[in-house]
Amino acid sequence: MAFANPLALLWGLLAVPIVLLYRRKIRLRSDPVATDMIWQCVLAEQPRRDAWQRWRHPVSLAVQLTLLAVLVVALAEPWIPGPRRLVLLMDNSASMNATDVAPSRLGQARETAARLISTLRPCDRAAVLSCGGVVGVHCNLTNDHAVLHAALQAVPSTRENSPPGDAVALARRMLAEPTTCSIILLTDACFPQAAELAAADDIEILRVGRPTPNVAISLVSVRPSPGNPHACQVMAEVSNFSDTPEVCSLRVEIDEEPVPVIIDGRSADRLTLRLLSDEHIQQFFAVATAGASELSVQLDQADGFLHDNRVTRAIPQATALPEADKGPPEAVETVWAADLRAPSARSTEGDLRVPSGLGAEAAAIAPASPWPSPRLLLAVLGIALLALEWCFYQRRWVS
Amino acid sequence: MAMFDTETLKRLRYLSLITRRAAERSLVTTVRRKLPGGGTEATGLRDYTPGDDYRYIDWHWCARRDELLTKTFEGEADRHVYILLDCSPSMGLGQPPKFDLARQIAAMLGYAVLANLGCLSVGVFSDGLVTQQPPIRHRSHSVRLLRFLEGLSLQGDRTNLARTAEQFARRYQRHGPVVVISDLYDREGFRPALDTLRHRGYEPRVVQIYGLCEACPGLLGDVELYDVESGFARRATVTERAARRYEERFVEFQESVRRYSATHGIRCLQFASDTPENDVLLTVLGAKSPLKTSS
């Protein structure tokens, strides 16, 4: 059962004054009497109704609270939804490997999805899709919770970064009836289309993770050093995807051995960089390769996403060409770097709300049910309880 | 404010004078007793018995009848009047408190006794005799009586009339009227105490005081009845039927007091605690017929 007007449930707070007044009512006043020998005789003549006397007030309170609950539920406009069909879109892009939440964003998305699956009724069906890189269908629509949980665990982590547009389109094709179907996207919303998807009525975004500062190596280029076959020139771009300035150090490894870098004719073990917010700094330096094959550029920065802190490139072999035949420099290779400051999404982490339009639509189709309206049943029940409570206080019942 | 002010004393003095004519109806009227050899008015003759005073032998009748006859005299004995005043906690209830009216009645009776040259003793009781006023004989001692009554307070535990009567009979040997001023709320009943007084030769009189809150308690619903004497609290649901039944029971209790008194020739007066003082005064002193009096 869901409620079309859940704010009306706040009327349930009226139970507090009812209980307080009840406690005030059952507090007996003490009446001094000169002697109770007459009262003793009179009360002994009364028919024994100890059980009723003991339970009269608790039953009255229970009836009042039940009456209040019925009225509150009626105000909240309950409705019973039909079978639901649900598509869980698991974002397994590279940014979901961030460890700002334990164990990772993808792990937390799995847990959230698992909790969501456990709330499904036997008549509800769900599917599991991944949308980080290539769209993957891990489980088609089914009501088998074990299969769904297994599919969740089968969603792999990737180092790709594709927007979930294709996956959303596929999910919409899987769901034929939009009134009882919904798409739930579990993502960190680190893609430009997040706001657009959040505005869609049939998509609920459950965001995992939190905005995390990140410093990344966004560009790396390695080219042979002209005139020196035992050295190469390196261009590295470091980006600060943070709202605050960051300080980091850059170092280079050749075949996993740290080597000094030569910049402006001076040798240094590492380069210290100071980056403002959203600043990109390009550093050019030379490295002695001495016939090595692999070069790694690494940032010493303990941020929430470690995958973009190290880039490894093959060292190109130098060719002895005349100066005039030298071609253009080797194209700069772009390295993927994550901006973990996700744009604001409509939903927050762990918010398992039903899509807003669903209640109204379901309420609209509720009269088609063969059963009487729940509101009508609640109204009848409320009137009956009111009459019962009124009868409790009739003197002829008491005496 | 003093309980007995000057106006009260004036009213007592005035009413004691005008009620002498109605002394026969007064609550403290003593019965004239024939005392052989006592008094001065010869009322008859009887056979001489050894030990009789020779001076009272009527020699003229002896000569005529040829046997020894002794004169009998009727004299008014020294009138000892006792007041037993209930000071148990139940007397504190009522509006005004029953204890106030009880002390006023004791003062009225005492003043009347002293004004008629009687001898008065006042005993205060609850679960037994608590305190007492030593015998006083003259009207000038009435101030002492009033101060004694003013200084009384509620004390003791629950009312025990039977024990009080036993203690009273052991302490006061001279017979006379005993006015019991109480609400008579004794779990053991009031009859044993009055029987004790009767069989010990006293002349018990009863002044029962009740509060309107006892006659018509006006309780309904769930209440906790707290017995001020025993301290026992009883939780009960008082229905209208139970309230009516209580009032009937209370009337039966009052009626039983009157019936017992009528059966044994005991004067009985019953007052509500809010009865006007003048009505009480006139009734007690016999100038006015009580509405609920049996004698």
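**Strand pairing, interface and local geometry in a two-chain model**

Strand β2 of chain A (residues 29–33) and strand β9(B) run parallel and are joined by five bridges. Within this pairing, R29(A) has V223(B) of β9(B) as its bridge partner. The structure described here is a predicted model.

The wider contact between the chains draws 34 residues from chain B and 26 residues from chain A. About 2,900 Å² is buried between chain B and chain A, and carbon and sulfur atoms account for 61% of this area. Four salt bridges are found across the interface of the two chains. One of the salt bridges is formed by E45(A) and R245(B), whose closest N and O atoms are 2.8 Å apart. Polar contacts across the interface of chain B and chain A comprise 10 residue pairs, with both residues of each pair at pLDDT 80 or more. On the side of chain B that touches chain A, the elements giving two or more residues are β9 (221–227), β10 (233–238) and α8 (240–263) of chain B. The element that gives the most to this side is α8(B), with eight residues. Sorted by class, the side of chain B that touches chain A holds 17 nonpolar, 14 charged and three polar residues.

Chain B contains nine helices and 12 strands. Of the 295 residues in chain B, 49% are buried. When contacts in chain B between residues at least 6 apart in sequence are considered, 75% of them join residues at least 24 apart.

Strand β7(B) illustrates the buried part of chain B, as six of its six residues are buried. In a regular strand, side chains alternate between the two faces of the sheet. In β7(B), P177(B), V179(B) and I181(B) point one way, while V178(B), V180(B) and S182(B) point the other way, and all are buried. β7(B) pairs in the parallel sense with β4(B) over four bridges. In that pairing, L84(B) has V180(B) as its bridge partner in β7(B). β7(B) also runs parallel to strand β8 of chain B (residues 203–210), to which six bridges join it. Here the bridge partner of V180(B) is V206(B) in β8(B). V180(B) is thus a bridge partner of L84(B) and of V206(B).

Helix α5 of chain B (residues 161–171) includes Q167(B). Q167(B) counts as partly exposed because its relative accessibility is 22%, between the cut-offs of 20% and 50%. In sequence, Q167(B) and G128(B) are 39 residues apart, whereas their C-alpha atoms are 7.3 Å apart in space. Apart from residues up to four places away in sequence, Q167(B) touches G128(B) and L129(B).

In chain A, S93(A) lies in the loop between β4 (85–90) and α4 (105–118). S93(A) counts as buried because its relative accessibility is 2%, which is under the 20% cut-off. The side chains of S93(A) and D91(A) make a polar contact at 3.0 Å. With neighbours within four places in sequence left aside, the residues in contact with S93(A) are G132(A), T158(A), E160(A) and N161(A).

Some backbone features were also examined. Most peptide bonds are trans, and most residues other than glycine have a negative phi. The peptide bond from A102(A) to P103(A) is cis, with omega near -10°. P103(A) is in the loop between β4 and α4 of chain A, where S93(A) is also found. In chain B, a cis peptide bond leads from Q95(B) to P96(B), with omega near 0°. The loop that holds P96(B) is between β4 (80–86) and α3 (98–115) of chain B.

Positive phi values occur at D264(A), near 55°, and at L184(B), near 65°; neither D264(A) nor L184(B) is glycine. D264(A) sits in the loop between β13 (261–263) and β14 (266–268) of chain A, and this residue is exposed, with a relative accessible area of 70%. L184(B) belongs to the loop between β7 (177–182) and α6 (191–199) of chain B. In contrast to the exposed D264(A), L184(B) counts as buried, with a relative accessibility of 3%.

Definitions and conventions
Residues numbered from 1 in each chain as written. Chains lettered and ligands numbered in written order. Heavy atoms only, no water. Contact = heavy atoms within 4.5 Å. Buried area = accessible area lost by both parts, 1.4 Å probe. Salt bridge = Lys/Arg side-chain N within 4 Å of Asp/Glu carboxyl O. Polar contact = N/O pair within 3.5 Å; in protein donor to acceptor, adjacent residues only side chain to side chain. Nonpolar A, V, L, I, M, F, W, Y, C, P; charged D, E, K, R; others polar. Pairing = 2+ DSSP bridges. Buried < 20%, exposed > 50% of the residue type's maximum accessible area, 1.4 Å probe, protein only.
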